[in-house]
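Let's take a walk through this fold together, going from its sheet to its cores. Please have the model open as you read.

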Amino acid sequence: MIARKIQMVDLGSQYQNIAKEIDESVLAVVRSTQYINGPAVKSFNKNLADYLKVNHVMGCANGTDALQIALMALGLKRGDEVIVPAFTYAATAEVIGLLQLSPVMIDVDPDTFNTTAELIEKAITPKTKAIVPVHLFGQSTDMEDILALAKAHNLFIIEDNAQAIGADYTFKDGTVKKTGTMGHVGCTSFFPSKNLGAYGDGGAMFCNDDEIADNLKMIANHGQKKRYYHDVIGVNSRLDSIQAAILDIKLRHLDQYSSNRAQVAKTYDEGFESVAALQTPKRQHNSTHVFHQYTLRVKNGKRNELQQYLAEKEIPSMIYYPIPLYKQDAFKEFYNSSQGLPATEILSDQVISLPIHTEMKSDVQGYIIDSVKSFFK
Ligand SMILES: *Cc1c(COP(=O)(O)O)cnc(C)c1O
């Protein structure tokens, strides 16, 4: 048996390994009294921009705000259609509805869990104004054709990069770009369990265009460019200095964290190779995978029984996501077919995510693998 309780994400051990640096940086902010938009925020925005090779990074209060501010900054109007995958976290579609735009929910590829240019193209109408691809579970959506499609139809692309920070996408000509830097605006979340997680809430928007960057900044700051002169209705959304200082340190470890996660994923893949009922996560050939989640498909109809079985062995697991967005009361008005989206329906019944994080111990992972295998014996 494993002495310590197994967790989906072990934030405690991760902190212990960098505790000295983190403690010093937090105290430095406390002592500086520059709690709002202080040097720590400027430093982190700059360092993240350098890491992502993008012109502008603007921290904000959380990932949901980042998506909302992006939609506001692009000047979308009530009733405009925004295409979004139905197999995602609710926040992606929620902000579209909140702004009285119309979320048009589409299906995903059942193997990569991401949407595709083909699925998007079918959903484009004269009212379509934007697409929000979600780089789900840690690998990039296949962006090249989507970018071309957006260009041809004059559509904005807002990338929901909350789960894939650090992943690389390779274009046919060999150009490599970080997820979140390919569309008009990239959005991310620093929720503690995300791949680059703060010790509280946080988020950021990335973009290359100076004009869009000005709009994002203005909207996040009550619609003002000059203090007390409000040009548009905005919001108040800031990344606080303490979180920025923490993130600045964790950013230095991000590539190591991504490779630790990839190693855990590889060990799971090998462990489950012989289990016919399980489909291990398929890799998008032109993207690296930073494994925000390690998500299996249970193909013999026993997903819920597996989860129960693991719970009895004190192994946590999660279902991301159990109910397609269009079946949620909040989103029903945006979906007027009784058909459902085939891959989203299947995935809702089949997916299960296992513990994965940066400090996984091999004995713990061995126990998880053996337990999953023993269920299928
Ligand atoms: C976490 C997440 C968000 C929202 O981020 P918050 O910081 O919690 O607001 C949005 N989209 C996806 C895909 C996410 O995983």
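The paragraphs below begin with a sheet, pause at one of its strands, and end with the nonpolar cores.

Keep in mind that this is a predicted model. A good place to start is the open sheet, in which seven strands follow the order β1-β9-β8-β5-β4-β2-β3 with mixed pairing. At its edges stand β1 (56–60) and β3 (102–106); each has a single partner strand, so one side of each is left without a neighbour in the sheet. Ignoring direction, neighbouring strands here are turned by 25 degrees against each other on average. Next to the β3 edge, strand β2 (residues 81–85) runs parallel to β3 and is joined to it by five bridges. One residue pair to look for is V84 with its bridge partner M105 in β3.

Now move to strand β4 (residues 128–131), where you will find I131. With a relative accessible area of 1%, I131 is buried, because that value is under the 20% cut-off. Beyond its neighbours within four places in sequence, I131 is in contact with I83, I120, I146, A150, L155, F156, I157 and I158. The C-alpha atom of I131 also lies 8.2 Å from that of E159, 28 residues apart along the chain.

Finally, turn to the largest nonpolar core, which has 36 residues; among those touching the most other members are F87, Y268 and F272. Helix α12 (362–376) is among the elements that contribute to this core, and with six residues α12 gives the most. Both domain 1 (11–105 + 114–251) and domain 2 (254–375) supply at least three residues each. Apart from this core lies another, of 35 residues, including A66, A130, M205 and Y326.

Definitions and conventions
Residues numbered from 1 in each chain as written. Predicted model: local features only at pLDDT ≥ 70, side-chain atom pairs only at ≥ 80, totals over all residues. Heavy atoms only, no water. Helix = DSSP H or I, 4+ residues; strand = E, 2+ residues; numbered from the N terminus. Buried < 20%, exposed > 50% of the residue type's maximum accessible area, 1.4 Å probe, protein only. Contact = heavy atoms within 4.5 Å. Pairing = 2+ DSSP bridges. Axes fitted to C-alpha atoms, helices over the stretch in contact; angles between N-to-C directions. Core = buried A, V, L, I, M, F, W, Y, C linked by side-chain atoms within 4.5 Å. Domains from an automatic or database assignment.
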